[in-house]
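Reader: I've got a structure to look at and I keep tripping over the vocabulary. Can we go through it together?

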Amino acid sequence: MAIAPAPTVSAFTTPTPAPGEEYASELGYVYGAVAESGKVRITVRQLRELRGDAASAYARAHGLTAPPHGEALVVDTGTVHVLTLPEWTPVEAHALSGNRATDMRLGQLVVELGSRPKWTFWIDYDTRRQVASLREAGQRPDRAVTRS
């Protein structure tokens, strides 16, 4: 069995909620989950959604088809970071729970999230810049992921 090399961790700045907002969110592939002493270590490959003129300009510049009006073009930012979270961290799941909306705990998803980048999540950070929850966005983003 071949073991994939560890991802290169790059600079990451924790999202901070805007004034008056309770949470700030980050979109990313969540993978490489490992359970250790009541915690789960995950790797996040950050993604960014582009819409409207920004998506069209990016698509043109990179030889891609612009997304239809109202849809997002999802771009890999090149930022990879590691989070170690309590196993009880709330996760809103859908496809991971048999295509029904279900509240789960991160510790329940270690096997599913243990492999390659496949599942995308919105990761919600609170005003203390700590992860409050993860919300499943699906197995792949709205559009093809490209490298920025």
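Reader: What makes Leu113 and Val30 count as being in contact?
Author: This is a predicted model, and in it Leu113 is in contact with Val30. Contact means heavy atoms within 4.5 Å, so that pair meets the cut-off. Leaving aside neighbours within four places in sequence, Leu113 is also in contact with residues including Tyr31, Leu96, Leu106, Trp119 and Phe121.

Reader: Which residues have the most contacts inside the largest nonpolar core?
Author: They are Val30, Ile42, Leu83, Leu113, Phe121, Ile123 and Leu134, in a core of 21 residues. Among the elements that give two or more residues to this core are strand E1 (24–36), strand E2 (39–50) and strand E3 (73–86). E6 gives the most, with four residues.

Reader: Why is Asp124 called buried?
Author: Buried means under 20% relative accessible area. Asp124 has 6%, so the word fits. Asp124 is found in strand E6.

Reader: What makes the link between the side chains of Asp124 and Ser25 a polar contact?
Author: The distance is 2.5 Å. A polar contact is a pair of N or O atoms within 3.5 Å, where one must be able to donate a hydrogen and the other to accept it. At 2.5 Å, the Asp124 and Ser25 pair is within that limit, so the distance part checks out. Not counting residues up to four places away in sequence, Asp124 touches Ser25 and others, among them Tyr23, Gln130, Val131 and Arg135.

Reader: And how many of the 148 residues are buried, as a percentage?
Author: Buried residues make up 37% of them.

Conventions
Residues are numbered from 1 along each chain as its sequence is written. This is a predicted model: local features need pLDDT of at least 70, side-chain atom pairs count only at pLDDT 80 or more; totals for chains, interfaces and linings use all residues. Side-chain values use heavy atoms; hydrogens and water are left out. Buried means under 20% relative accessible area, exposed over 50%, partly exposed in between (1.4 Å probe, protein chains only). A nonpolar core is a set of buried Ala, Val, Leu, Ile, Met, Phe, Trp, Tyr and Cys residues joined through side-chain atoms within 4.5 Å.
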